[in-house]
Number of protein chains: 2
Amino acid sequence: MRGEIVKVAVIGAGNGGQALAGYLSVKGFSVNLYNRSEKRIKSLKKNGGIQLGGRFKEFADLDCITTNVEEALDGVDLVMVVVPAQAHRYVAEICAPHLSEGQVVVLNPGRTGGALEVKNTLTKSGARKKVYIAEAQTFLFVSRVVGSEAKIAGVKNVVPVAALPSSDTEKVIHLLEKIHTSFTEAENVLETGLSNIGAVFHPSTMIFNIGRIESEGNFSYYFDGITPQVAHFLEKLDRERRKVARVLGVRTCAARDWLKEVYNSCGISLYERIQDNGKYKGVAAPTTVVHRYIFEDIPTGLVPIASLGNYLGVKTPVINSVIDIATQFYGVDFRKIGRTVESLGLQKMGKQEIIKYVNGSA
Amino acid sequence: MRGEIVKVAVIGAGNGGQALAGYLSVKGFSVNLYNRSEKRIKSLKKNGGIQLGGRFKEFADLDCITTNVEEALDGVDLVMVVVPAQAHRYVAEICAPHLSEGQVVVLNPGRTGGALEVKNTLTKSGARKKVYIAEAQTFLFVSRVVGSEAKIAGVKNVVPVAALPSSDTEKVIHLLEKIHTSFTEAENVLETGLSNIGAVFHPSTMIFNIGRIESEGNFSYYFDGITPQVAHFLEKLDRERRKVARVLGVRTCAARDWLKEVYNSCGISLYERIQDNGKYKGVAAPTTVVHRYIFEDIPTGLVPIASLGNYLGVKTPVINSVIDIATQFYGVDFRKIGRTVESLGLQKMGKQEIIKYVNGSA
């Protein structure tokens with residue numbers, strides 16, 4: 001690892017990528033920043049780095065800001081992928097020829113099946129080098145690019161991470177701990193992947209609020225959008241997610257309990273706990289129906305959960321109903337573009353083999 | 001027909017039934033009014049009739065107000081059924097033993113498959129008498145019970161009616177014309193049934209506005225609830241409905257053109273024509289998610305259309321997606337309680353036989 005300095009490539013210069021790249025540089029890491037389009041990094045290149053805002057106010061110098069992924073990956077120890085999860089496959093494809101032995105790739109976050117899809121993509125691309133692949137369950141920061149500043153508004157306390165296989169997790173965590181102490185070991189990528197709470201909260205709430213989003217767009221997303229009956233629906237959907245996880249031997253937190261754990265929200269039902277969560281009050285609803293709550297959370301959340309359920313004989317009618325109406329509403333075949341047992345590379349494995357595959361020799 | 005006076009039984013003492021019963025009495029018909037529950041007719045019984053409001057201000061004497069269907073049907077020429085369409089099967093079951101030769105039963109309206117379901121129910125109940133069964137495409141009045149008055153706010157200009165088989169339609173229309181000149185001959189019950197515009201407009205708009213209905217409930221249903229993208233979805237759904245109709249040899253009006261025809265609304269798209277329809281401006285959204293827009297229009301609209309489509313090889317993915325998410329949201333198996341090819345008595349017929357069955361020997 002070239003002594004003490006860890007060299008990091010950050011893939012993606014959106015809200016998250018800029019915050020992470022800036023933070024890493026300020027913390028003394030050597031940072032390359034890659035983005036697919038020139039447009040987003042044009043001014044960063046001109047300035048030679050990123051102006052942080054929020055909790056950090058410093059200007060962060062970057063080693064290299066580029067649209068050339070080969071250049072970005074050259075000589076780095078760690079590749080932090082911070083792109084919408086539906087782009088993970090594409091990122092894996094363009095990185096495949098340029099990854100070198102021993103590099104660690106972490107998806108921030110992986111959503112459902114990120115590491116599995118990336119590994120399968122690398123394997124299919126013919127890459128033979130030993131590369132470590134891991135996924136975080138959530139993104140480390142609450143951050144947003146405002147004007148020319150990458151603002152870090154908050155830092156998560158716990159960011160579970162699992163490598164694929166999880167026998168590699170310890171090694172990955174050892175590296176990530178140098179970045180932040182919030183990174184902790186998850187059991188395996190089924191746990192991180194099937195703990196996808198966004199997939200529970202986001203798409204259904206969009207569907208049941210389409211009219212309001214398009215005609216006013218001015219309401220509190222969780223607070224007003226998740227009404228008692230919508231919350232009831234989400235709880236049914238959540239049970240399907242957890243059932244799929246359980247069949248794969250993974251204990252996941254109910255969405256309702258996750259609210260208690262993360263936000264210390266009180267109440268009996270999911271509805272009550274959402275209403276009790278002050279942090280949700282200010283979260284505005286999307287102002288357009290074309291939104292990552294659909295275009296990220298369906299193909300990399302609901303679709304892989306439903307696909308795994310279908311493969312393992314777990315019925316997911318609630319999840320299916322959301323995928324289907326979104327497919328018709330948006331005219332996008334989410335099952336086709338989304339992650340499936342096939343695109344995760346699991347289509348020849350039985351349940352026990354899947355569990356063995358994600359756990360490795362540990 | 002006992003000379004000039006037509007004796008009518010009105011089945012159902014809701015908004016529509018009270019208005020129709022009152023109107024008929026005022027027009028000089030002899031009227032029996034039946035309702036399943038005593039509660040709704042208690043005060044009517046005390047008063048011996050119905051106080052009309054709106055266009056008619058008279059007090060209407062009724063011959064008989066009863067929860068006894070045998071009593072209501074005794075000696076009448078015409079049975080006007082004015083109940084939610086999901087109750088048609090029940091009405092047929094309780095009427096079956098008491099219908100007599102030559103009586104005319106008209107569903108006001110039938111929604112999709114009303115007459116077919118009633119005929120099949122009567123047949124299965126073993127009724128052997130010749131009874132005429134017909135369905136209207138819409139209800140004659142715009143009416144509402146307010147306080148103790150049955151207010152008739154408007155009268156439709158055209159109310160297409162078809163008998164099953166349609167070789168009987170002329171006879172039925174001859175009788176209905178004595179009631180109102182708006183009743184006109186439709187081609188057959190496939191035309192009246194598959195011209196179900198409510199099934200196009202109502203359930204999907206509910207689903208996409210669930211959050212708003214439950215959290216505010218204070219918006220214009222058509223005007224604000226049917227946003228451009230919701231309207232786009234409705235147009236896709238409408239094309240499926242019309243495709244099913246076309247396969248059965250029935251030309252139906254597109255929802256978009258129906259708006260032009262009925263309301264003279266201008267614009268190119270469905271969205272524009274809804275926005276141009278001043279009469280929709282004041283139509284408030286339901287204030288509860290449990291509403292006939294779901295519980296009537298899905299089982300007696302979308303479900304039979306989808307069932308016919310499935311039977312005839314016409315794909316209806318948009319309609320299916322609405323049925324499915326409603327099934328999960330409400331926890332009600334709408335496909336099971338709704339009208340299907342089986343409950344319409346068509347399950348042994350090919351396409352040509354269905355057409356022959358509805359047209360009769362004419």
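**Notebook: a predicted two-chain model**

I began with His88(A), which counts as buried because its relative accessibility is 1%. This is a predicted model, and I read each entry below with that in mind. I located His88(A) in helix α4 of chain A, residues 88-95. I then listed its contacts beyond four places in sequence, among them Val81(A), Val83(A), Leu107(A), Pro109(A), Gly110(A) and Arg339(A). Gly114(A), Glu117(A) and Val118(A) also belong to that list.

**Entry: the loop before α5**

Pro109(A), one of the contacts of His88(A), led me to the loop between β7 (104-107) and α5 (114-124) of chain A. There I checked the peptide bond from Asn108(A) to Pro109(A) and found it cis, with omega near -10°. In chain B I looked at Arg111(B), which lies in the loop between β7 (104-107) and α5 (114-124) of that chain. Arg111(B) is not a glycine, yet I noted a positive phi near 55°.

**Entry: other backbone features**

I recorded another cis peptide bond, from Leu164(B) to Pro165(B), with omega near 0°. I placed Pro165(B) in the loop between β11 (159-164) and α6 (169-176) of chain B. Next I turned to Asn264(A), where phi is positive at about 55° although the residue is not a glycine. Asn264(A) sits in the loop between α12 (255-263) and α13 (270-275) of chain A. Is Asn264(A) buried or exposed? I entered it as exposed, because its relative accessibility is 54% and the cut-off for exposed is over 50%.

**Entry: strand β1**

I looked up Ile11(A) in strand β1 of chain A, residues 7-11. Its relative accessible area is 1%, so I noted Ile11(A) as buried. Tyr34(A) is 23 residues from Ile11(A) in sequence, but I read a C-alpha to C-alpha distance of 4.9 Å. Beyond four places in sequence, Ile11(A) touches Tyr34(A), Val69(A), Leu73(A), Val79(A), Met80(A), Val81(A), Val82(A), Val83(A) and Val91(A). Val81(A) and Val83(A) had already appeared among the contacts of His88(A).

**Entry: the relation of the two chains**

I superposed chain B on chain A by a rotation of 180° with 0.0 Å of shift along its axis, at an RMSD of 0.0 Å. I therefore recorded the relation of a two-fold axis. Which residue of chain B has its C-alpha nearest the axis? I found Phe208(B), at 2.3 Å from the axis. I also noted that 100% of the interface residues of chain B are interface residues in chain A, so the copies meet through the same surface.

**Entry: the nonpolar core**

I counted 168 residues in the largest nonpolar core. The residues with the most contacts inside this core are Phe201(A), Ile207(A), Tyr330(A), Phe201(B) and Ile207(B). I followed Ile207(A) further and listed its contacts beyond four places in sequence. Within chain A they are Ile294(A), Val322(A), Ile325(A) and Ala326(A). In chain B, Ile207(A) is in contact with Ile207(B), Phe208(B) and Ile325(B). Phe208(B) is the residue I had recorded with its C-alpha 2.3 Å from the axis.

**Entry: helix α11**

I examined Val230(A), which is in helix α11 of chain A. Val230(A) counts as buried because its relative accessibility is 0%. Thr205(A) lies 25 residues from Val230(A) in sequence, with 7.1 Å between the C-alpha atoms. Beyond four places in sequence, the contacts of Val230(A) are Thr205(A), Phe208(A) and Gly225(A) in chain A, and Ile210(B), Glu214(B) and Phe329(B) in chain B.

I then took up the packing of α11 (residues 228-247) against α17 (residues 317-330) in chain A, whose axes come within 8 Å and cross at roughly 110°. I therefore described α11(A) and α17(A) as roughly perpendicular to each other. On the α11(A) side I listed Phe233(A), Lys236(A), Leu237(A), Glu240(A) and Arg241(A). These meet Pro317(A), Val318(A), Ile319(A), Ser321(A) and Val322(A) of α17(A). I sorted the residues of this contact into six nonpolar, one polar and three charged. Val322(A) also appears among the contacts of Ile207(A).

**Entry: helix α19 of chain B**

My last look-up was Gln352(B), in helix α19 of chain B, residues 351-359. With a relative accessible area of 54%, Gln352(B) is exposed. Gly249(B) is 103 residues away along the chain, and I noted 9.4 Å between the C-alpha atoms of Gln352(B) and Gly249(B).

Key
Residues numbered from 1 in each chain as written. Chains lettered and ligands numbered in written order. Predicted model: local features only at pLDDT ≥ 70, side-chain atom pairs only at ≥ 80, totals over all residues. Heavy atoms only, no water. Axes fitted to C-alpha atoms, helices over the stretch in contact; angles between N-to-C directions. Helix = DSSP H or I, 4+ residues; strand = E, 2+ residues; numbered from the N terminus. Parallel < 35°, antiparallel > 145°, perpendicular 65-115°, else oblique. Contact = heavy atoms within 4.5 Å. Nonpolar A, V, L, I, M, F, W, Y, C, P; charged D, E, K, R; others polar. Core = buried A, V, L, I, M, F, W, Y, C linked by side-chain atoms within 4.5 Å. Buried < 20%, exposed > 50% of the residue type's maximum accessible area, 1.4 Å probe, protein only. Least-squares fit on C-alpha atoms with pLDDT ≥ 70 in both.
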